[in-house]
Amino acid sequence: MTDTVLRIENLTKRFGALTVTADLNLEVWRGEVHALIGPNGAGKTTLINQIAGRLRPDAGRIWFHGRDVTDLSVHQRVRAGLGRSFQISSLFDSFTALGNVAIAVHGVQRHSFRFWRAADQLTHLTEPARHILRQVGLTERADIPVTALSHGERRVLELALTLVCKPALLLLDEPMAGLGPQESRAMVEFLRGLKGAHSILLIEHDMDAVFALADRISVLAAGRLIATGAPEDIRRNPRVRNAYLGDDEGG
Amino acid sequence: MAPALLLEQAFNGVQFGMMLFLLAVGVTLIFGIMNVINLAHGSMFMLGSYFLMQWIAWTHSYAAGVVLALLAIGILSLLLERTIIRPLYRHGHLDQVLATFGLVLFFNELVIVLWGRDPLYIAIPSFLSGQVRLFEGAAYPAYRLAITAVAVLVGVALYLVIAKTRLGMLIRAGAEKRLVVEMMGVDISRIYMLIFALGGVLAGLAGMMTGPLLAVHSGMGEPILVLTLVVVIIGGIGSIRGALIAALLVGVLDTFGRVLLPVVFGTGTGNALSNMTVYILMAGVLLWRPSGLFPSHAS
Amino acid sequence: MIPATGRFWILAALLLIGVLVPLTGDTFYIKFATRIMIYGMAAVAIDILLGYAGLISLGHAAFFGIGAYAVGMLTNAGVVSAFLCWPLAVAAALLAALVIGALSLRTTGLYFIMITLAFAQMVYYVAQSLRAYGGDDGFSLVSRNTFAGLIDISGPVAFYYVVLVLLVAVVVFATRAMNAEFGVVLRASRDNSDRLEAVGVPPYPYRLAAFVISGAIAGLAGALLANLNQYVAPQGMLSWQVSAELLVMVIFGAAGTIIGPIIGAAIYLFFAEILSEITQHWMLLFGPLLIVRVMLIKDGVYAMILRAVDR
C-alpha cells in the first residue's frame, strides 16, 4: 500500500463570488514527485498557500502524515515537516547568502531568544548553513549580499531556504521560473537528487522539467482537478489537452 | 437621571459623533485609499477655526466667513498635497509621520505668531444662538442642532457621490485596485489630490463648526485627531460606513461616559475612567476584529 | 578581540567625551549632557523597534511617562531608594508595554502606528485626570532617589555618572542583542515576515519581546528624567509629541545603529537649545527643517560619519 504523505480532502476556497479552489481532493505519496500543472489562473498558487497555511480554506481538511493540520499556522506546519518555496524569490534582502540560510536554521531550533553571543559566530547556525550552500553549489557566493546575486542564484537560494529544516514534503512553486536553459537543467538534476529523501509537490510550467521529474501529474483548471495520473496518461488525456496543453506548450 | 438630561446628552453625543465623522471620512479615505498617514489632519481642523474667525473679523459676516474659510482650507490642502504629500507617497510611513509631524509643529507655531497664545472665541451667529424646543421641558441649543444637521447633509451628499457617480466609483475602485484605475486612463494623482483636498475641507468644516463651542487655540487639532484615529481603527480603514458607525459609537460613548462615570465612581476614578472608555472600546474591537468593524479589502 | 575599526574609535571618542564632560564644572552643561543621555537612552529603545524590527511606534511616550510617574509616585510616597523605585518603574513600563504590545502587534502598517498612538494618548489623559498628582500641571519629587548611602545623586556630577553607566549598559545590551540570534530574527521579520514564517519562525513572539524590551528601556529613561528634573508632568513626558520627537532623534542620528540615536538626541536637543535662543518661535523654523531633512536627505548623521571614517 502506498504511503500517503499529504491528503487534501474536499478543499474549497472562495474570494467573494469567485471560487478559486473547488472541492479539491488530492494525494501525495511518499517519495514521489507529484507535479501540479494547469493554465494560468487555475488556482495552483492558491492551493499551495492553503496547504502551507498562509490561507485558510473555506471548507475541507488537509492531512499531513495522517495528522489534521488544517488549523495549524504556517510555522507550525513547517516544523511538522512541510516546507514551501515561493514563486517569486522571497529572500531576506539585508543579509548575505549565508545569512539567509542561517536564518532558516533558526527555524530548526526551538527558539531564538538569545541576546548575547553574536549570531554570525555561532557554528551551530553557520555550519548547517554552509552545508546547505555546498549542496546547492553556492559556496562561492556565501558572503555576497543577496541583492547582488543573479536571478538564477536567487532562485537556487530560495530552494535552499526551504531545504534547511529537512522537510518531509516540499511544496515547490515554479522553482524554474525565469531560469535560462542551462540553469533549468541544473535545477532539474538537483530536484531529481532530492527524490526519495523528500516527497515533492511541484508546480511548474516548464513541461520538459515536469515530464523529466514527475512520477504523477495532477491537472488543475479553474480551481478544479480535472485529471490525475502517470505522465503518459496525462499527455494523452483529451480533457487535459483541451484545457491546458493546447495553449501552453513547452513552458 | 432625568430624561431631559439624558436626551440632551444623547444629542450631544450624536453631535460630537457627527463632527468626528467629518474628520474620520478624510482620515479613512486618505489613510485607506492613498495609504498615507497624515498627522497634519488635525491642523486643518484648527486652521478651519482660525480662518473662520479671521474672515468674520474682516467681512463682518458669518456666511461670508464660512465660505471664504472653506475656500482657504481647500486651497491650502491642494497646495500641501502638491508640494509635500505627493512626494511622500513613495517614501513610506516613517517619512510621512515625520514630515507631517513637521507640518503640525509649523502650523501650531504659526497660529501663535499670527494670533497669539491666548485662546480665542468665535461668537455663535445670532440667527442660531437660541434654543429649540424639542418637547415638553426639553430645549436644545439651535447651533448644535444646526451643525449636526450640516454634518448629516454632508454625509448624505458623500454617500450619493461615492455610490452614484463616476467619480465615486473611481474612488471606490482606487481603494481596491489602483492599477485598474490607472488602466482606465484616469490619472490617479488627480484622484488623490481630490481626496486629500476633500479630507482637508471636511476637517476644516468640522473645525469651523466646533470653533464656537470650544476655545480656539494652538494644538486644538491633535486631541481631536487622535480620537478620529480611534474612530477609524474601530470602523476600519477605508470604510466610510465604518467611519459613520464608529464615529457615532465613540461620540455617544464618550459623552455618556464623561457624564455617568463620575456619578457612579466618584470624580477621581470616574474622570480617569471616562478618559479611557473609547480606548477600551478600541481594544475590545481589536481583540475581536483586528482590522476594524468594516475593513476594506485594500488594507 | 574588538576590531580597531572606524566605529571603534568613534565609540571610544564618545565615551571619552562622556567621561570628561563633568570636569568642565559647569552645572548647566552637565545637566544638559545628562538630558542628552536620558533622551538618547529612550531613542535607543525606539531604535530597537524602528531600526531592527521595522516597527514604527508613535506611542513610546507612554512607557517613558509611566517610568517617570512611577518613580514620582513612589518617591513621594516614601519609597526613596533607587534600588526599589527604578526596578519598579521599569517593571511598570514593561507591563504596560506587554499589554499594549500584545494588542497592537496583531496589526501592521498604518493600523499599528495609529493604535500605539491611541494607547499612549489614553495614558496621557489618565495622567491628566490624576488630581492627586497635579493633573495637567504634574508634581514635584521631594528629592532624587537614593542608593542606600552608597552614592549620593542629589548633585549633578554624581547623577551624571550614574546615568552614563546606565546608558553604557543599555548600549552594550542593545548592541549585543541586535547582533545575537534575537536581533537576526527581528531584522529578518522586518525584511520578509512571510518568509520567516515559511522557514518555521513565528515573528509575533519576537516582535512582542522587542516591544517589551523597548518599553522597559524607555521606562528606565523616564525614571531617570524624573530624577533629573525632580518633576513629573503629562505634557513633557506623555504627550504624543514626545513619541514623535524620539522618532526624529533616531532618524537624525541614523536608524539601526544604536549609537546613531544617541547622537541624534544630542543634535535634536542642541538644535532646540540654539534655535530657542534665536527666537521663541523656533518651531516655525524647525518644522520646515524637519520636512526638508525627511524629503531630501537620506542618511542620519552617524551613518554619514561612519561612511566618512571607513574611507
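The legends below describe close-up views of a predicted model.

**View 1. Confidence of the predicted complex and of chain C.** For the complex as a whole, the predictor reports an ipTM of 0.91 together with a pTM of 0.92. Within chain C, the mean pLDDT is 91, and 98% of the residues of this chain reach 70 or more.

**View 2. The contact between chain C and chain B.** Chain C contributes 36 residues to this contact, and chain B likewise contributes 36 residues. On the side of chain C that touches chain B, at least two residues come from each of the helices α5 (109–128), α11 (240–253) and α13 (283–296) of chain C. The most is given by α5(C), which supplies 13 residues to that side. Sorted by class, the side of chain C that touches chain B consists of 28 nonpolar, 6 polar and 2 charged residues.

**View 3. The open six-stranded sheet of chain A.** This open sheet of 6 strands follows the order β6-β7-β8-β3-β9-β10 in chain A, and its pairing is mixed. Its edge strands are β6 (82–85) and β10 (224–229) of chain A, each of which pairs on one side only. From one strand to the next, the twist averages 15°.

**View 4. The pairing of β6(A) with β7(A), and the helix across the sheet strands.** Strand β6(A) pairs with strand β7 (residues 169–173) of chain A in the parallel sense, over 4 bridges. In this part of the model Gly83(A) stands opposite Leu170(A), the latter being in β7(A). Helix α1 (residues 44–52) of chain A lies across β3 (33–37), β6, β7, β8 (199–203) and β9 (216–221) of the same chain, and the helix runs at about 150° to β7(A).

**View 5. Asp23(A), a residue with positive phi in a strand.** Most residues other than glycine have a negative phi. Asp23(A), which is not a glycine, nevertheless has a positive phi, near 45°. Asp23(A) is found in strand β2 (residues 18–29) of chain A. Because 14 C-beta neighbours lie inside 10 Å, Asp23(A) counts as partly exposed.

**View 6. Ala254(C), a residue with positive phi in a loop.** Although Ala254(C) is not a glycine, its phi is positive, at about 130°. Ala254(C) is placed in the loop between α11 and α12 (259–278) of chain C. Ala254(C) is buried, because 23 other C-beta atoms lie within 10 Å, and the cut-off for a buried residue is 20 or more.

Definitions and conventions
Residues numbered from 1 in each chain as written. Chains lettered and ligands numbered in written order. Predicted model: local features only at pLDDT ≥ 70, side-chain atom pairs only at ≥ 80, totals over all residues. Contact = placed C-beta atoms within 7 Å. Nonpolar A, V, L, I, M, F, W, Y, C, P; charged D, E, K, R; others polar. Buried ≥ 20, exposed ≤ 12 C-beta atoms within 10 Å, placed from the backbone. pLDDT = per-residue confidence, 0-100. Pairing = 2+ DSSP bridges. Axes fitted to C-alpha atoms, helices over the stretch in contact; angles between N-to-C directions.
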